[in-house]
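Reader: Hi! I'm new to reading protein structures, and I would love a close look at one part. Could you walk me slowly through a single domain and its strands and helices?

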Amino acid sequence: MIIDKNATILYYLLPKFFKEAEKVEWMKNLKEYVPPSFVVERDDYRCIRCKACVEQCSFGATFYDEDEDKVWNWNAKCVGCNRCAAICPTEAITVKRADPTYRYNHNWNTHIDGLKKRAIFGGTPVVSMGNDKPYPIYWDHMLLNASQVTNPSIDPLREPMELKTFLGRKPAKVEVSDSGLKTRLAPQLELEIPIMFAAMSYGALSYNVIESLGRAAQYMGTYYNSGEGGLNKDHYKFKGNIIVQVASGRFGVHKDYLDVGSAIEIKIGQGAKPGIGGHLPGEKVSETISETRMMPKGSDALSPAPHHDVYSIEDLRQLIYALKEATEYKKPVAVKIAAVHNVAAIASGVARAGADIVVIDGFKGGTGASPQVIRDNIGLPLEVALAVVDERLRSEGIRQDVSIVASGGIRNSMDVVKAIALGADAVYIGTAALIAIGCTMCQQCHTGKCAWGISTQDPHLSKRVNPDIASKRLINLLEVWALEIKETMGAMGINSIESLRGNRLNLRGVGLNEKELEILGILPAGE
Amino acid sequence: MRVVIVGNSVAAINAIEAIREKDKISKITVISDESYRAYSHPLLPNLVIGEVSRSEERFYYRRNDFYEKNKVDTLLGKRVVKILQKQKQVILENDEKIEYDKLLIACGGKPIKPPMEGLELEGVHTLTNIKSADKLRKDLKNIKHCVVIGGGLIGSKTAEKLAKKGIKVTLVELMRRVLYPVLDDTAADYIHKELKSLGVELILNDSVSAILGDKRVKEVELKSGKKIEADGVVVAVGVAPNMDMAKEAGLEVNKGVVVNDFMQTSDENIFAAGDVAEAYDMVLGIKRPIPILPLAARQGRIAGLNILGGDVKYKGGFATNSITIGKVSFISMGIVDSDELEILKIKKDGEYRKFLIDEENRLKGMILVGNIEKAGMFNWMIQNKLDVSWMKDTFLNSDFGWKYFNKAFRVLRLDRKIK
Amino acid sequence: MKVVKIKEDNCVYCHLCEVACIVEHSQSKDIIKAFKREERPIARCSVEFNYPVSLSVMCRHCDDAPCMEACQNGSMHRDERGYVVVNPDTCVGCWMCIMACPYGVIKRDTRREIWGLSTKCDLCPDREIPACVEACPNEALTFEEL
């Protein structure tokens with residue numbers, strides 16, 4: 001366990017990769033008791049002592065006692081990743097949530113553990129993945145329209161459905177001549193489907209996962225975002241399908257990096273932790289990571305909160321144009337902002353600063369590591385941010401100056417449809433892609449001990465993601481979502497994404513109050 | 001083409017298989033003074049005490065229909081006495097003449113008879129073929145105390161099996177340890193302990209000077225002067241190549257029938273393979289007879305291929321042994337003891353590992369006692385003269401295996417079906 | 001002739017190949033009975049681990065198999081499918097095949113009364129795809145021509 005008394009960030013819940021039982025655990029009981037969150041139940045009849053679960057548990061929770069010939073668990077170390085249950089060949093294992101043993105108390109129950117941990121360890125907890133608190137999900141309060149009788153629906157099996165879309169600055173009007181388009185267009189990104197893979201850095205994720213994302217993006221004709229960790233040279237082969245990110249830490253940003261990207265994204269903020277910078281714990285800065293990020297091995301990679309050369313919108317404009325100059329104006333420059341209270345005004349400023357694409361990251365977005373208090377309390381829902389940004393840009397007459405990409409908690413193809421209907425040009429998926437590969441949302445990415453081999457740099461664990469299998473899964477995911485979107489669009493009587501974009505008349509709100517409906521800009525069901 | 005093979009054991013069978021892979025037409029004749037199909041010589045001690053019988057398939061080298069399936073004519077129970085090089089004929093004991101285009105001498109070895117009196121007494125046996133095994137088996141009921149002369153491969157195995165049958169056994173060995181050329185002192189110690197626990201009395205650094213008795217052996221006198229009462233003796237001091245016939249025929253012989261890299265003798269139409277041949281030892285760098293089963297098989301095969309006109313080279317062999325005495329198993333190869341080679345060894349509970357490496361970092365020999373898994377990997381290293389400098393410090397691990405090599409090596413070798 | 005191809009980059013050291021091999025070669029072919037009620041068969045494939053390397057090795061079914069050459073009574077032979085297999089009725093457990101195998105993939109079974117038994121991968125004669133290949137959760141073992 002690492003305690004840095006000077007820093008405000010500290011990691012607990014950082015179990016080591018045990019190979020033998022650490023029977024001294026019980027000694028800490030009274031001094032540091034927090035009830036386990038999970039209980040591993042093992043059916044003794046079914047357990048054949050193959051010890052697959054012992055080897056696969058990367059959190060040191062599973063042991064084999066040779067003398068007793070029994071497999072047993074330290075429940076306190078179990079993080080509920082379910083790797084053991086998945087690998088067990090006889091279904092002997094069930095991982096259950098340990099019911100809290102405190103008396104029921106609506107006000108305090110979910111806070112007792114957190115309070116105690118802060119008191120015991122003297123640091124603020126770091127977590128991973130997106131906000132897990134029961135804030136309202138607006139996607140689930142929106143219903144889509146379907147066409148019937150008066151305007152017939154479209155049969156997606158027999159008529160072409162256009163999922164293609166272009167991201168970039170569009171001119172206010174175009175002039176055509178006999179020889180074609182006269183108006184010179186700003187550089188565009190061509191997407192076969194309006195879904196891209198969100199920014200997840202190499203460092204937060206393992207090499208094999210990035211490989212899989214790249215292959216899937218290439219196959220499907222879309223893009224994946226490199227995240228703020230730079231690009232491993234082996235991934236330059238995905239040129240043509242990468243959006244490279246320039247974040248406040250400027251990790252791995254050099255000429256070749258910019259050259260490989262089809263677009264450059266300036267990361268101003270991230271939905272999971274608005275207002276603070278990126279975070280890669282030292283455990284995950286391996287040899288190759290340190291090479292890629294151009295920083296010392298083993299030290300924490302902390303990106304500063306603001307870009308230290310961007311303190312005003314004018315500074316941002318300068319940075320945008322500096323990047324455009326560096327890439328000869330051939331590539332769109334995107335700006336990613338976190339959804340915060342004045343996101344509309346910020347987005348307007350970003351559009352006027354010369355960005356081609358604005359990425360809005362809602363508060364449910366995932367992260368590799370973030371202080372829990374920030375993740376759970378700061379930001380704005382994506383649905384709301386998207387609606388207000390789209391509305392503001394339209395009302396200012398500059399909507400065509402930028403493409404909007406929505407990001408942060410997109411869970412299924414219907415969220416994609418609703419996001420586009422609210423005004424997005426395309427969406428980013430991060431968490432959903434990882435779940436497709438195998439993630440079970442145990443929220444331990446920051447430990448670098450991901451039992452599924454996804455968010456780790458440990459070479460032994462990273463093998464658990466086989467790029468052949470994982471890329472196929474991602475391709476399956478995108479193809480199925482594409483099919484579902486086409487089916488839905490057909491039902492709605494729309495045959496292209498362009499017609500769906502901003503088409504709020506196709507949405508109706510249920511269970512929302514007047515103000516919410518007004519802000520989202522949709523009618524209530526029935527009207 | 002007429003191919004004649006003198007001998008009917010491992011080398012001969014492999015030569016037949018090699019020839020028949022490509023050539024179904026040439027006539028192959030096998031001449032052997034034994035009247036059985038090819039059998040497993042290492043199982044003779046088991047045959048003696050009845051663990052295996054001559055009616056079991058287990059005892060034989062190939063199935064009953066081998067000769068028929070491979071269209072081989074067999075002249076069994078006939079002995080070849082002369083080879084006439086110029087006329088390309090072999091002459092049998094009954095003066096029958098068999099003509100050949102190519103001849104393969106694969107007649108193996110014969111037991112060395114040490115110069116001592118009493119060898120002709122009743123109860124004195126050797127153990128190198130079915131005939132002698134049968135004779136000993138029938139005599140077992142008359143033997144209560146047996147002296148086994150020689151603690152080599154045959155001697156130790158025989159001592160073990162006889163002791164298992166309840167006979168009191170005394171093993172007399174000339175050198176300071178049994179299995180002298182095949183083990184070192186530390187490894188042999190395991191064997192000594194095991195033999196003793198099986199009830200075998202070991203007398204080392206001594207030899208039998210005379211076997212005494214009237215009609216039947218009564219006692220045995222050792223060089224040291226000691227006398228041992230015995231009503232049975234097994235003489236197992238060694239096996240020498242059966243090369244008299246070749247020598248008489250004018251072929252080049254030394255300790256065995258000398259062959260070149262293609263298994264040819266000094267006559268290009270006459271080949272030799274197996275225990276009778278003196279072929280290249282690639283660890284010692286000289287030619288010498290190595291009477292080891294896998295080498296006989298390989299030499300026979302190469303001889304067969306070259307008889308057909310091929311030019312397959314024999315890359316050389318070296319001694320390899322896999323023996324189990326009681327509960328102790330060991331595998332040893334190449335040079336097992338030396339002052340000039342770098343030695344890596346470790347002795348653990350029930351396990352002994354020893355590796356000998358020359359100054360060019362080539363593995364030259366090894367001994368594994370107890371944990372013999374993966375021994376073949378070292379066989380490969382010796383054969384291919386692998387530079388082991390980068391991984392020799394992992395040899396002593398009990399869990400030695402593929403994980404200690406580097407990835408490039410693994411991918412290269414595991415991706416192939418051939419070594 | 002297809003054999004099991006080993007891709008060590010994908011091996012996660014879960015041992016399920018060994019488990020599947022044991023079940024396949026058991027009497028009951030039932031995973032729980034094979035491990036708890038029967039005399040447990042020996043796994044023909046071996047998983048090796050030396051952090052971070054892990055891989056499973058088994059017989060390569062060589063074209064010119066040294067184990068067949070070394071076998072003293074022809075127990076090691078090539079079956080109709082073309083794979084190298086041991087005849088358990090004739091094997092005497094002399095371990096000369098272990099001495100010869102350059103891949104070190106033959107194991108000893110010393111549980112029989114008089115004779116030992118050389119145990120090695122027989123490429124699952126009762127199956128279309130070998131058990132280890134089917135059981136590997138990460139495609140570290142595939143069934144293809146080498």
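Author: Happy to; what follows is a tour of domain 2 of chain B, with its sheet, its helices, its hairpins and its contact with a neighbour. Please keep in mind that this is a predicted model.

Let's begin by finding the place. Chain B is divided into three parts: domain 1 covers 2-42, 60-109 and 241-307, domain 2 covers 124-237, and domain 3 covers 327-414. Our part is the one running over 124-237.

Now look for the open sheet of chain B. Five strands make it up, and reading across them gives the order E9-E16-E10-E11-E12, with parallel pairing. Which strands stand at the edges? In chain B they are E9 (124-125) and E12 (200-203); each has a single partner strand, so one side of each is left without a neighbour in the sheet. As general background, strands of a sheet pair through backbone hydrogen bonds, and they can do this in a parallel or an antiparallel way.

Let's zoom in on the edge at E9(B). Its pairing with strand E16 of chain B (residues 232-235) is parallel and rests on two bridges. To see this pairing residue by residue, find B:His125, which stands opposite B:Val234 in E16(B).

Next come the helices that pack on this sheet. Helix H5 of chain B, residues 153-164, touches four strands of chain B: E10 (145-149), E11 (168-172), E12 and E16. The direction of H5(B) makes about 165° with that of E11(B). Helix H6 of chain B, residues 185-197, packs on the sheet as well, touching E11 and E12 of chain B. Here the angle is taken with E12(B), and the direction of H6(B) makes about 140° with that strand. If you follow E11(B) and E12(B) with your eye, you will find that both are touched by H5(B) and also by H6(B).

Let's move on to the antiparallel pairs. Strand E13 of chain B (residues 208-213) and strand E14 of chain B (residues 217-222) pair in the antiparallel sense over five bridges. Together E13(B) and E14(B) form a hairpin, with three residues between them. Within this pair, B:Ile211 stands opposite B:Val220 in E14(B).

E14(B) has another pairing to show you. Three bridges join E14(B) to strand E15 of chain B (residues 227-229), and these two strands run antiparallel. B:Val220 turns up again here, standing opposite B:Ile228 in E15(B). So you can use B:Val220 as a handy landmark: it faces B:Ile211 in one pairing and B:Ile228 in the other. E14(B) and E15(B) also form a hairpin, this one with four residues between the strands. What does B:Gly225 do in that hairpin? It takes a positive phi near 105°.

Finally, step back and see how domain 2 of chain B meets domain 3 of chain B. Their C-alpha centres lie 32 Å apart. Eight residues of domain 2 of chain B are in contact with eleven residues of domain 3 of chain B. On the side of domain 2 of chain B that touches domain 3 of chain B, the residues divide into five nonpolar, one polar and two charged.

To retrace the tour, start at the parallel sheet of five strands in chain B, look at H5(B) packing on it, and then follow E13(B) into E14(B) through their hairpin. Enjoy exploring!

Key:
Residues numbered from 1 in each chain as written. Chains lettered and ligands numbered in written order. Predicted model: local features only at pLDDT ≥ 70, side-chain atom pairs only at ≥ 80, totals over all residues. Pairing = 2+ DSSP bridges. Contact = placed C-beta atoms within 7 Å. Axes fitted to C-alpha atoms, helices over the stretch in contact; angles between N-to-C directions. Domains from an automatic or database assignment. Nonpolar A, V, L, I, M, F, W, Y, C, P; charged D, E, K, R; others polar.
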